[in-house]
Amino acid sequence: MSSDPIATPDRRGLCLILSSPSGAGKTTLARLLLASDASLGHSVSVTTRPSRAQEADGVDYYFVTRDRFEAMRDAGELLEWAEVFGNFYGTPAEPVKAALAEGRDMLFDVDWQGASSIAALLPEDAVRVFILPPSGEELSRRIYSRGTDPEHVIEARLEGAEAEISHWGDYDYVLVNRNVEDSLAVLKGIVTAERHRRHRQVGLRTLIAHLAPPSRTR
Ligand SMILES: Nc1ncnc2c1ncn2[C@@H]1O[C@H](COP(=O)(O)OP(=O)(O)OP(=O)(O)O)[C@@H](O)[C@H]1O
Ligand SMILES: Nc1nc2c(ncn2[C@@H]2O[C@H](COP(=O)(O)O)[C@@H](O)[C@H]2O)c(=O)[nH]1
């Protein structure tokens with residue numbers, strides 16, 4: 001990130017981090033939020049997981065081999081990484097640094113480990129949202145009805161739900177995803193409020209410096 005004051009943006013970008021147990025709906029909500037807000041960029045993760053039908057390389061993830069992942073990790077190209085459900089996932093560092101240097105906002109779909117790492121690295125910028133399903137039965141229904149994973153993968157993900165949920169207390173916001181429309185409205189509200197935080201509105205200093213009332217003449 002630049003220390004050149006001329007390059008300093010007039011606002012400080014935020015890192016909106018979504019986590020949830022598998023199947024609660026964070027990818028669905030992330031896609032809708034990104035589609036509705038052109039100012040929000042997507043941090044596209046690198047993963048060793050095989051791609052699902054409908055997923056596109058470079059859009060949903062960068063799908064890589066384990067060797068390639070380890071090379072990226074060892075070269076310091078990842079902001080954070082974690083092993084989740086037997087696969088490696090990581091956040092490419094460069095797009096995040098570029099976004100923050102330019103005052104742009106980024107959305108991250110990462111597990112609790114990724115959320116915790118990003119918040120530790122970027123404490124001023126991270127905004128963590130934990131998404132809960134309305135019930136365990138509904139979580140199971142959603143992940144089965146998605147129809148993207150074999151039975152043993154679904155079982156492992158449902159078994160991991162409790163461990164993921166145990167970290168909910170680390171998050172700034174908790175959202176129960178009952179229906180998509182309401183949840184999207186809540187997320188938009190969080191983004192709007194967080195964009196108005198004083199420390200992100202760096203450009204206000206200039207405005208305020210010029211806000212002295214005009215002198216009155218009698
Ligand atoms: N509010 C909702 N009501 C009903 N179905 C939903 C809701 N939100 C998401 N879904 C559906 O639930 C399924 C799982 O959603 P999604 O893939 O977004 O979950 P996820 O949290 O990203 O899971 P993973 O971590 O496994 O990628 C999808 O089929 C999605 O259409
Ligand atoms: N720590 C990180 N976790 C990540 C990243 N990208 C995705 N994830 C999380 O992995 C699980 C499984 O994802 P899925 O797409 O296979 O369902 C889920 O919790 C994601 O949020 C990452 O870069 N770092």
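**A buried leucine, a parallel sheet and two ligand sites**

Leucine 100 is buried, as 20 other C-beta atoms lie within 10 Å of its own. That count is enough because a residue is called buried if 20 or more other C-beta atoms lie within 10 Å. This leucine sits in helix 3, which covers residues 93-101. In this predicted model, leucine 100 and aspartate 182 are 82 residues apart in sequence, and their C-alpha atoms are 29 Å apart in space.

Stepping back to the whole chain, the protein has nine helices and nine strands. Its C-alpha atoms fill a box of roughly 80 × 40 × 30 Å along the principal axes. Of the 218 residues in the protein, 27% are buried. Contacts often reach far along the sequence: among those between residues at least 6 apart, 71% join residues at least 24 apart.

A helpful landmark is the open sheet, in which five strands follow the order 2-7-1-8-9 with parallel pairing. Strand 2 (40-42) and strand 9 (173-176) stand at the edges; each has a single partner strand, so one side of each is left without a neighbour in the sheet. On average, and with direction ignored, neighbouring strands of this sheet are turned by 25 degrees against each other. At one edge, strand 2 pairs with strand 7 (residues 105-109) in the parallel sense over three bridges. Within this pairing, histidine 42 has leucine 107 of strand 7 as its bridge partner.

Next comes the interior. In soluble globular proteins, nonpolar side chains tend to be buried together. Here, the largest nonpolar core has 35 residues, and those with the most contacts inside it are Cys15, Leu16, Ile17, Leu18, Phe108, Val129 and Ile131. Isoleucine 131 offers a closer view: leaving aside its neighbours within four places in sequence, this residue is in contact with Leu18, Ser20, Ala24, Gly25, Lys26, Leu29, Leu175 and Asn177.

Two ligands can be described in turn. Ligand 1 is surrounded by 16 residues, the closest being Ser22, Gly25, Thr27, Thr28 and Arg142. Helix 1 (26-36), helix 5 (136-146) and helix 8 (180-195) are the elements that give two or more residues to this shell. By class, the shell around ligand 1 has two nonpolar, ten polar and four charged residues. Gly25 thus appears both among the closest residues to ligand 1 and among the contacts of isoleucine 131.

Around ligand 2 there are 15 residues, of which Ser45, Ala82, Tyr89, Val110 and Gly114 come nearest. Two or more residues of this shell come from each of strand 5 (78-84), strand 6 (87-92) and helix 4 (112-121). The shell around ligand 2 has five nonpolar, six polar and four charged residues.

Finally, two loop residues deserve a look for their backbone angles. Phenylalanine 85 is found in the loop between strand 5 and strand 6, two of the elements that contribute to the shell around ligand 2. Its phi is near 50 degrees, a positive value in a residue other than glycine. Phenylalanine 85 counts as partly exposed, with 14 C-beta neighbours inside 10 Å. Glutamine 54 lies in the loop between strand 3 (45-47) and strand 4 (61-63). Its phi is near 85 degrees, again a positive value in a residue other than glycine. Glutamine 54 is exposed, with 7 other C-beta atoms within 10 Å.

Key: Residues are numbered from 1 along each chain as its sequence is written. Chains are lettered from A and ligands numbered from 1 in the order in which they are written. This is a predicted model: local features need pLDDT of at least 70, side-chain atom pairs count only at pLDDT 80 or more; totals for chains, interfaces and linings use all residues. A residue is near a molecule or strand if its C-beta atom, placed from the backbone, lies within 6 Å of it. Helices (H or I, at least four residues) and strands (E, at least two) are DSSP runs, numbered from the N terminus. Ala, Val, Leu, Ile, Met, Phe, Trp, Tyr, Cys and Pro count as nonpolar, Asp, Glu, Lys and Arg as charged, and the others, Gly among them, as polar. A nonpolar core is a set of buried Ala, Val, Leu, Ile, Met, Phe, Trp, Tyr and Cys residues joined through C-beta atoms within 7 Å. A residue is buried if 20 or more other C-beta atoms lie within 10 Å of its own, exposed if 12 or fewer, and partly exposed in between; C-beta atoms are placed from the backbone. Two residues are in contact if their C-beta atoms, placed from the backbone, lie within 7 Å. Two strands pair if DSSP finds at least two bridges between them. Axes are lines fitted to C-alpha atoms, for helices over the stretch in contact, and angles run from 0 to 180 degrees between N-to-C directions.
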